[in-house]
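Work through the exercises below with the sequence and coordinates open. Try each task before reading its solution.

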Amino acid sequence: MKPTEANPVHLIHMNPELNMARFYGIDIQPTLFGEMSVLRSWGRIGTKGRGMMVTYEDSAQAAEALLKLDKQKRRRGYVAVTD
């Protein structure tokens, strides 16, 4: 299943040997001015974490950025959270 606007990406990376428990979230939201923003959140599982927002002119650019970030994180060992 490919991530879309209606399908945000939620990833985790856990390694008990290294005491690592991280999360990474990516979502696309419209702005009040007709642009699209990619919202990223990350941190240690169980904490508030940090966030960042990057705004793009259209949804195609935002979707491309979301897919690029998703691919990067999966290469680094993150896996999708299953419900």
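**Exercise 1: the aromatic cluster**

Tyr78 counts as buried, at 9% relative accessibility; buried means under 20% relative accessible area, exposed over 50% and partly exposed in between, with a 1.4 Å probe and protein chains only. The model is predicted: local features need pLDDT of at least 70, side-chain atom pairs count only at pLDDT 80 or more, and totals for chains, interfaces and linings use all residues. Residues are numbered from 1 along each chain as its sequence is written, and side-chain values use heavy atoms, without hydrogens and water.

Task: find the aromatic pairs and say which parts of the chain they tie together.

Step 1. Set the rule. Rings of Phe, Tyr and Trp (its six-membered ring) pair if their centres lie within 6.5 Å; planes under 30 degrees apart are stacked, over 60 edge-to-face, the rest tilted.

Step 2. Count. The rule gives two aromatic pairs.

Step 3. Take Tyr24 and Trp42. They are stacked, with 6.3 Å between centres and 20° between planes. Tyr24 lies in strand β2 (residues 20-30) and Trp42 in strand β3 (residues 36-44), so this pair ties together parts 18 residues apart in sequence. Strands (E, at least two residues) and helices (H or I, at least four) are DSSP runs, numbered from the N terminus.

Step 4. Check exposure. Tyr24 is buried at 4% relative accessible area. Trp42 is partly exposed at 27%.

Step 5. Take Tyr24 and Tyr78. This pair is edge-to-face: 6.2 Å centre to centre, 70° between the planes. Tyr78 sits in the loop between α1 (59-75) and β5 (79-80), and Tyr24 in β2, so the pair links parts 54 residues apart in sequence.

Result: Tyr24, Trp42 and Tyr78 form one aromatic cluster.

**Exercise 2: a buried lysine**

Task: decide what surrounds Lys73, and which side chain of opposite charge is nearest.

Step 1. Place the residue. Lys73 is in helix α1.

Step 2. Look for a partner. Lys73 is buried but has no salt bridge (a side-chain nitrogen of Lys or Arg within 4 Å of a carboxyl oxygen of Asp or Glu). The nearest side chain of opposite charge is Asp70, 10 Å away; Lys and Arg count as positive, Asp and Glu as negative, with His and the chain ends not counted.

Step 3. List contacts (heavy atoms within 4.5 Å). Leaving aside neighbours within four places in sequence, Lys73 touches Leu11, Tyr24 and Tyr78.

**Exercise 3: the whole chain**

Task: what pattern do the helix and strands follow along the sequence?

Step 1. Count elements: one helix and five strands.

Step 2. Read along the sequence: β-β-β-β-α-β.
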